[in-house]
Amino acid sequence: MNSTLLIQVLDYGSGNLFSISNALKRLSNLGVKLEVNISSSYKEGTVDGLILPGVGSFPSAQRILDENRQAILDDIRGKRVVVLGICLGMQLLFESSEEGEGSGLGVFKGRVVRFKSNFPKFKVPHMGWNTIDIVPSASKETSKLCMDFSGNEWAYFVHSFYAVAEEKSIVKAWTNYCGVSFASVVEKDNLFGTQFHPEKSHTTGVKVLSNFVKALEDFHLA
Amino acid sequence: MPHTKRIIPCLDVKDGVVVKGVRFESLKKAGDPVKLAEEYCNDWADEIFFLDISASREGRKTMVSLAKMVAAKLDIPFTIGGGISSVEDARKVLSNGADKVAINTSAVRNPELVGELRDIFGQQCVVVSIDARRNPKTNSGFSVCTLGGTFDTGLDAVDWAKEVERKGAGEIVLTSIDRDGTGEGYDKELNNKVGSEISIPLIASGGCGKMGDFFEVFKGENSPDAALAASVFHYGAMRVQEVKRYLRSNGVAVRL
């Protein structure tokens, strides 16, 4: 049994990836050792976990996504890798986006849309701390990322777009911004996504990332 | 839910040490920036603001190494300001882990910088700091100062706030130079005047001396979205968590 888990952060070439790799390195009290690398090239079967980070825009991530699309999809379908998409990274798990040209991985059915609201002083981007409401059916058994949540979780968001999932059962938590309810946690099998930034969400983020590592462990080492 | 009001401890850093000045003069030492930031983070601070106060005055370059050290430890958003005068300066700080950059003097000197930063890094990364003081010669009664509050540009503070919003600022930090370091409370008139004219988030700064000052500044429809404070936290007069409990018990929505 291999007791080191390899995690790759996919670099789309447009922003700071220190925050997420630092956050993974800060995790302690894990039963396993983590090795984190940042790279723009994904090679089939080489890592246990893949993080699609939350930097850049849907169109700006296309080039790198296209170069690696087939390898990533093959590993997802072959259950060789566990994926966590953060913010834009979560949106890239869906099919398409109002933000611009290109296509996501399409492993979740649905489209990414822009915030609209009649709320007075409605501001886009949705930037700042907001609460996460776990869906009632997403108990410990069904949501791995939201495991051990107390019900008073705050997370840090920075986004102008959100994903509308066709398959509602993948949505494990919702967040409400000025009357607009959107999916803030999605998961299914070896696919996970958070619309917020766990690496900037203090204790909630630590929980989510630790839960992701546990999920990785269960998947690969069990 | 709509946004909660944010509490942002500000660390004025000079030569790697946190200091806090009374009206920007007579600087007193207060501590290690990374350690202080971690303490605030664990005490429910919503964000941390680092300002290199020596940077503009002495032309020193930005705090790239500080960004890196902070990013390794902190898991809440942080902003770095002071001496950032170009896209390259901003890139260094952001690529080393800062979430936002704040520009002040350099925005007045070169207003196009605001738009350039917005186009390259996104509006959410661009904070414009405005140091304002009472000046009856301007329409609003407040003028913009630069170079650490030492030079009065004569620009109207409200007009300038509207202009930087148009140019692409994501947020404005509005510091009252008259109140800074005095503990007499935020300049409510200044904050309301600017707050009623812009639609991007406004962060009040300068003058906080007691818990009631946070409540006062958050009253009213055009009140700021966040309040920044330094000395009240650094010298242990109050804890961030205490302030937030107090605000919540007085009906102000906060993250807690």
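# Notebook: two chains and their contacts

**Entry 1: where the chains meet.** I began with the contact between the two chains, which takes 26 residues from chain A and 37 residues from chain B. I note early on that I am looking at a predicted model. Next I looked up the area: chain A and chain B bury about 2,500 Å² between them, and 53% of that is on carbon and sulfur atoms. Which residues of chain A lose the most area to chain B? I found A:Met127, A:Trp129 and A:His202, which together make up 28% of what that side buries.

**Entry 2: polar links across the interface.** I then asked how many salt bridges there are between chain A and chain B. The count is one. Its partners are B:Asp99 and A:Lys200, with the closest N and O atoms 2.9 Å apart. For polar contacts across the interface of chain A and chain B, I noted 10 residue pairs, both residues at pLDDT 80 or more.

I also listed which elements of chain A give two or more residues to the side that touches chain B: helix H1 (18–26), strand S7 (126–131), strand S9 (154–159), strand S11 (171–177) and helix H4 (202–221). The largest share of that side, six residues, comes from S7(A). Sorted by class, the side of chain A that touches chain B has 10 nonpolar, 11 polar and five charged residues.

**Entry 3: a visit to B:Asp99.** I wanted to see the surroundings of the chain B partner in that salt bridge. B:Asp99 sits in the loop between helix H4 (87–95) and strand S6 (100–103) of chain B. Is B:Asp99 buried or exposed? With a relative accessible area of 18%, B:Asp99 is buried, because the cut-off for buried is under 20%.

The side chain of B:Asp99 has two polar links in my notes. One is to the side chain of A:Lys200, at 2.9 Å. The other goes to the backbone nitrogen of B:Phe78, at 2.9 Å. Leaving aside neighbours within four places in sequence, I wrote down the contacts of B:Asp99 as A:Lys200, B:Ile76, B:Pro77, B:Phe78, B:Leu94 and B:Cys125.

**Entry 4: salt bridges within the chains.** Over all chains, the count comes to 26 salt bridges. I picked three to look at.

In chain A, I looked at A:Asp66 and A:Arg69, whose closest N and O atoms are 2.7 Å apart. Both lie in helix H2 (residues 62–77) of chain A, three residues apart, about one turn of the helix. A:Asp66 is partly exposed at 45% relative accessibility, whereas A:Arg69 is buried at 15%.

In chain B, I turned to the salt bridge of B:Arg6 with B:Glu171, where the closest N and O atoms are 2.9 Å apart. This pair links distant parts of the chain: B:Arg6 is in strand S1 (residues 6–14) and B:Glu171 in strand S10 (residues 171–176), 165 residues apart. B:Arg6 is buried, with a relative accessible area of 7%, and B:Glu171 is buried too, at 2%. I found that B:Arg6 and B:Glu171 belong to a network of salt bridges that also links B:Glu47 and B:Lys100.

My third pick was B:Asp46 with B:Arg255, a salt bridge at 3.1 Å, N to O. The two are 209 residues apart, with B:Asp46 in the loop between helix H1 (33–42) and strand S4 (48–52) of chain B, and B:Arg255 in the segment after helix H11 (240–249). Both B:Asp46 and B:Arg255 are buried.

**Entry 5: cysteines.** How many disulfides are there over all chains? The count is zero. A:Cys178 is in no disulfide, and the nearest cysteine sulfur, that of A:Cys87, is 17 Å away. A:Cys178 is buried, with a relative accessible area of 7%.

Why does B:Cys145 form no bond with B:Cys10? The closest cysteine sulfur to that of B:Cys145 is the one in B:Cys10, and it is 17 Å away, so the two are too far apart for a bond. B:Cys145 is also buried, at 1% relative accessibility.

**Entry 6: B:Ile203.** I finished with a residue of strand S11 (residues 202–205) of chain B, B:Ile203. B:Ile203 is buried, with a relative accessible area of 2%. Not counting residues up to four places away in sequence, B:Ile203 touches B:Ile8, B:Glu171, B:Ile172, B:Val173, B:Leu174, B:Ala226, B:Ala227 and B:Leu228. I also checked B:Gln124, 79 residues from B:Ile203 along the chain: their C-alpha atoms are separated by 14 Å.

Terms used
Residues numbered from 1 in each chain as written. Chains lettered and ligands numbered in written order. Predicted model: local features only at pLDDT ≥ 70, side-chain atom pairs only at ≥ 80, totals over all residues. Heavy atoms only, no water. Salt bridge = Lys/Arg side-chain N within 4 Å of Asp/Glu carboxyl O. Helix = DSSP H or I, 4+ residues; strand = E, 2+ residues; numbered from the N terminus. Buried < 20%, exposed > 50% of the residue type's maximum accessible area, 1.4 Å probe, protein only. Disulfide = S-S within 2.5 Å. Contact = heavy atoms within 4.5 Å. Buried area = accessible area lost by both parts, 1.4 Å probe. Polar contact = N/O pair within 3.5 Å; in protein donor to acceptor, adjacent residues only side chain to side chain. Nonpolar A, V, L, I, M, F, W, Y, C, P; charged D, E, K, R; others polar.
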